[in-house]
Amino acid sequence: MSAPVVLIAEQLSPATIAALGPDFEVVHVDGTDRDALRAALATADAVLVRSATQIDAEALGWAPKLKVIARAGVGLDNVDIKAATQAGVMVVNAPTSNIISAAELTVAHILGLARHLPRAHGSLSAGEWKRSSFTGTELYEKTIGIVGLGRIGALVAERLRGFGVELIAFDPYVTAARAQQLGVQLVALDELVERADFLTIHMPRTPETLGMIGAEQLRAMKKTAYVVNVARGGLIDEAALAEALAGGEIAGAALDVFMQEPPADASLTGLPNVNVTPHLGASTEEAQEKAGVSVAKSVRLALAGDLVPDAVNVAGGAIDEYVRPGLPLTEKLGQVFASLAGTAISSLDIEVHGELSEHKVDALRLAALKGIFSKIVSDPVSYVNAPLLAEQRDVEVRFTVDAESESYRNVITIRGSLTDGTQMSVSGTLTGPKQIEKIVGINGYDLELPLSDHLIVFSYVDRPGIVATYGGILGEAGVNIAGLQIARDEKKGTALSVLSVDAPVEESLIGALRGAIGAETLSTISIDAQ
């Protein structure tokens with residue numbers, strides 16, 4: 001039997017090749033040359049890429065033997081995960097390879113802002129000697145505001161403590177106990193922006209976090225304050241930031257990431273009080289080598305049929321064919337749960353009911369945790385690191401399986417307690433020959449609605465005219481309702497509406513909906529690609 005073919009489509013370190021071991025035929029190709037890539041993919045069992053090679057649906061069509069795509073890095077913008085999943089191809093990356101490099105770059109940018117290093121360098125390089133023009137500020141006793149206290153945010157806090165700063169953070173999913181371990185005080189976002197001398201953001205980019213530091217937050221900051229973004233482009237509203245910098249509302253900013261890369265113009269990057277770098281968060285020799293070695297090990301595991309820790313779209317190892325369709329459903333239920341929670345979770349019960357109990361279903365527990373934490377942390381979440389994230393946040397996780405299921409052949413339920421005492425639950429199932437993914441319960445309300453990419457969920461006092469009210473508001477705004485389910489609790493006199501819509505809903509429209517129907521709760525949910 002011939003050895004499996006591993007295609008190296010970009011320049012990788014010798015350590016990466018060594019980590020693959022001797023059991024494979026290693027083939028090199030320039031992945032940016034589409035004709036060469038097409039020819040090489042015809043016999044490839046695995047392909048390793050960085051960021052330049054596009055592994056899209058077309059490329060997947062050229063690769064009948066392909067079993068795994070490995071991205072030697074964190075981001076997966078150049079890999080069509082949905083198409084890979086449909087083709088049964090595993091996608092792996094190296095989610096922790098750059099966290100130290102990103103944290104160190106954050107600290108470097110904070111120091112660069114504090115001491116005006118780029119401008120001072122440029123001035124001296126131009127033959128000037130203007131010491132008085134670059135008087136800076138010490139970090140000592142300054143307040144550092146960290147938005148997002150995940151792995152990178154925590155590393156930033158750990159490194160900054162030695163400067164004698166006061167550390168405050170906003171992260172609705174982090175418990176006070178975890179923050180105390182890090183020496184950080186948890187505060188509301190409004191308080192953080194008012195108090196921070198330096199604000200650094202470390203959140204995932206989702207519809208909810210896009211532009212979360214906008215004109216309102218920038219106006220509330222001190223005129224002497226600085227903002228830093230080494231996480232994801234778009235977390236800080238770039239137009240609002242440019243206006244705040246030009247108008248003197250804040251002192252300066254440092255950016256490593258942008259909404260469009262490279263930026264289309266210099267309206268922001270050309271300002272004198274902005275320090276910029278071209279997305280260098282992972283650009284260290286150590287991070288690049290860690291990434292290559294990590295994905296090489298994952299390729300070995302994948303081709304051997306073993307559990308793959310960093311698989312982003314399917315769980316590695318042998319998964320029963322009856323169980324496999326439940327993985328994406330369970331992951332989506334986790335995303336719905338986390339989006340509805342909106343605050344820190346203290347305990348979770350992941351329940352599997354019905355015929356699935358006859359099979360090995362441990363992977364469903366991992367899928368639930370992966371879905372939940374993908375909405376909570378800024379770093380990539382895999383089937384293996386998700387339980388570790390729960391452990392780090394002191395979330396008690398219980399997993400139960402039983403054969404009883406009254407209304408459906410199988411039901412998967414995620415229940416949880418939040419740190420404010422609230423109890424929550426989300427249930428789902430697969431129905432029909434096409435295995436349609438459906439939500440069948442939220443917080444005790446029974447319903448049946450196909451899962452879609454964009455949902456609006458709200459509860460309110462049950463009374464006539466509510467459907468017409470929110471239907472009219474959404475209709476006037478051009479938002480199409482693709483599906484609708486209403487469930488009632490006659491004892492409480494409340495109702496729950498779940499709408500599937502064709503696109504994300506603007507925050508201003510959400511405010512209008514909340515006020516018009518007198519919503520007791522209202523959440524918007526966007527399901528991320530898996």
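Trainee: Which residue is the bridge partner of R415 in β16?

Mentor: This is a predicted model, so let's read the pairing straight from it. Strand β15 covers residues 410–418, and six bridges join β15 to β16, residues 423–431, running antiparallel. Within that pairing, the partner of R415 is S425.

Trainee: Then what joins the two strands, and which residue in the turn has a positive phi?

Mentor: β15 and β16 make a hairpin, with four residues between them. The turn residue with a positive phi, about 95 degrees, is G421.

Trainee: What about β13: over how many bridges do β13 and β15 pair?

Mentor: The two strands run antiparallel here as well. You can pick out one pair by eye: E351 has T413 of β15 as its bridge partner. The count of bridges between β13 and β15 is nine.

Trainee: How many of the residues of β15 are buried?

Mentor: Buried takes under 20% relative accessible area. By that cut-off β15 is mostly covered, and of its nine residues the buried ones number eight.

Trainee: Is I345 buried or exposed?

Mentor: I345 sits in strand β13, residues 345–354. Its contacts beyond four places in sequence are F337, I372, I376, V395, S417, L418 and T419. T419 is 74 residues away in sequence, yet the C-alpha atoms are 5.7 Å apart. I345 has a relative accessibility of 4%, so it counts as buried.

Trainee: Over to the open sheet of four strands: which strands stand at the edges?

Mentor: The order is β20-β21-β19-β22, with antiparallel pairing. Two strands have a single partner each, so one side of each lacks a neighbour in the sheet: these are β20 (481–489) and β22 (521–526).

Trainee: Which residue of β21 is the bridge partner of A487?

Mentor: β20 and β21 (residues 494–501) are antiparallel, joined by eight bridges. The partner of A487 in β21 is L496.

Trainee: Which helix runs at about 150 degrees to β22?

Mentor: Two helices are worth a look. Helix α13 (residues 326–341) packs on the sheet, touching β19 (454–461) and β22, but its direction makes about 140 degrees with that of β22. The helix lying across β19 and β22 at about 150 degrees to β22 spans residues 507–517, and that's α17.

Trainee: Last one: how does L484 count by its relative accessibility?

Mentor: L484 lies in strand β20. Together with V467 and I486, L484 makes a nonpolar surface patch of about 210 Å². Its relative accessibility is 38%, so L484 counts as partly exposed.

Terms used. Residues numbered from 1 in each chain as written. Predicted model: local features only at pLDDT ≥ 70, side-chain atom pairs only at ≥ 80, totals over all residues. Heavy atoms only, no water. Pairing = 2+ DSSP bridges. Contact = heavy atoms within 4.5 Å. Axes fitted to C-alpha atoms, helices over the stretch in contact; angles between N-to-C directions. Patch = residues over 30% accessible without salt bridge, like charges linked within 9 Å, V, L, I, M, F, W, Y side chains within 5 Å. Areas by Shrake-Rupley, 256 points an atom, 1.4 Å probe, with all protein chains shown as cover. Salt bridge = Lys/Arg side-chain N within 4 Å of Asp/Glu carboxyl O. Buried < 20%, exposed > 50% of the residue type's maximum accessible area, 1.4 Å probe, protein only.
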